[in-house]
Amino acid sequence: MRKYVAAIALLAAGFSSYAQDINKLIDETDVQRLIKTLSADEMQGRGTFTPGIDKAATFIEAEFRKAGLQPLTGEKGFRQNFMVYRTAPVESSATIEGQNIDAQNVAVYAGASFNWDNNADVEVARIDANKNFRTEYRTYLRGNKKTLVLVDQAHKDLFSQLRQRLNSGSISMSKPAEASAQQVVMVLGSFGEVKNFKASYKTEVQNPPIFNVAGMVPGKSKKDEYVVFSGHYDHLGILPAMQGDSIANGADDDASGTTAMISLAKYFNKLKNNERTLIFVAFTAEEIGGYGARYFSQQLNPDKVVAMFNIEMIGKESKFGKNTAFITGYERSDFGKILQSNLQGTAFTFHPDPYPAQDLFYRSDNATLARLGVPAHTISTDQIDTDKLYHSVKDEYSSLDVKNITATIRAIALSSRSIVAGKDAPTRIPKLDR
């Protein structure tokens, strides 16, 4: 019995020492510096295809270099460059019942140029004042038909944000076809019955530069098995001005997750005790379709990816209180149970996603690898059902709780220990077809 007690005491002492080390190696002051820099006005909201995201990428590269990370196998540097086709709008117009609509009140989603003139195959729909704008417009954008959507003035602010995003163009990883069945024209205003309408849309196809930022810490005995830590570093860029501010800084979404990923890269490279190869990646273009994650998933064998820790929006206390976070898709593998078992002796707890109606498992960069069978989950603390700063210019550093962010990063580091060490491998997720 005395030997048993002594063993327990020794184990506790070892864990305590590990925890003390982590408090030194993942420093709150450094966490604050990282997130302040990534969410600063100078980054211009980190919009994809903008100078701001290039500045953010340069900063992340420098942090990887200082941390001592290596580029991914086959890459010369930390930027993982790839090509997409961006169908950018050149000109759009709409006329309803003979009235020319102001360009600020027209938003178009289409993959190619078109011209309508009372087309019989165009469906006319409405988003009334009492409807959920986000839910409704997503339904139309996912469709495969020609639709004229009349939007009530009550949705003016959300419409303006959507228009800003659509004006950045549609993206494809393959060359777009000359014609597209999907043509959605959204018009903001007050309209009675609409019988006569016209709409036109002209586009050009561009090949702008686009890139993830990725580095690795090679493993020892299991270097061909990978553990991925990720966060998306893009955001919405510049939005229509609101109370004198137009920069969507994206401090929580997802400078917080990118900060966590960088902090973890520094931590594990200092320890150098990982048996599996650790990959750290800042994804681009999450906000416009997850293209960075899509490309990344094509560059490695998903069967060799043991787990993915995707980190998104950890800037504030979760609904479960301090020292808590939730895991999307918790029930799909034993990933969460492994993490929690590694946190025995600490105050931190992981919980299943409390917002199943939000479909968060499919709304972040974990989804691409999860579809391929990887136990890929997102860790978050955001109270998404009540978060009024989400996708707004008010998502700034001043709204964050840096102590909460630091505590969550440390918990992720501790909870991943057995996976990083090659001792545990979460159960695979059944390959998905959605």
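Me: Angles between helix axes under 35 degrees count as roughly parallel, over 145 as roughly antiparallel, 65 to 115 as roughly perpendicular and the rest as oblique. The model is predicted, with local features needing pLDDT of at least 70 and side-chain atom pairs pLDDT 80 or more, whereas totals for chains, interfaces and linings use all residues. Residues are numbered from 1 along each chain as its sequence is written, and side-chain values use heavy atoms, without hydrogens or water. How are H6 and H10 oriented to each other?

Reply: Helix H6 covers residues 251–271 and helix H10 residues 402–415 (helices, H or I of at least four residues, and strands, E of at least two, are DSSP runs numbered from the N terminus). Their axes lie 10 Å apart and make an angle of about 50° (axes are lines fitted to C-alpha atoms, for helices over the stretch in contact, and angles run from 0 to 180 degrees between N-to-C directions). The orientation of H6 and H10 is therefore oblique.

Me: Which residues of H10 make the contact with H6?

Reply: From H6, the contact (heavy atoms within 4.5 Å) takes Ser256, Ala260, Ser263, Leu264, Tyr267 and Phe268. The H10 side of this contact consists of Ile405, Ile409, Ile412 and Ala413.

Me: How many of the 14 residues of H10 are buried?

Reply: The buried residues of H10 (under 20% relative accessible area with a 1.4 Å probe and protein chains only, where exposed is over 50% and partly exposed in between) include Val402, Asn404, Ile405 and Thr406. Ile409, Ile412 and Ala413 are also among them. H10 is largely enclosed by the rest of the structure, because the buried count among its 14 residues is 11.

Me: How are H2 and H3 oriented to each other?

Reply: Helix H2 (residues 28–38) and helix H3 (residues 51–67) have axes that come within 10 Å and cross at roughly 155°. Arg33, Leu34, Thr37 and Leu38 of H2 meet Ala56, Phe59, Ile60, Glu63 and Lys66 of H3 in the contact. The orientation of H2 and H3 is therefore roughly antiparallel.

Me: Where does Phe49 lie?

Reply: Phe49 has a phi near 75°, which is a positive value in a residue other than glycine. At 21% relative accessibility, Phe49 counts as partly exposed. Its place is the loop between H2 and H3.

Me: What is omega of the cis peptide bond that joins Asp253 and Asp254?

Reply: Asp254 belongs to helix H6. The cis peptide bond between Asp253 and Asp254 has an omega of about -5°.
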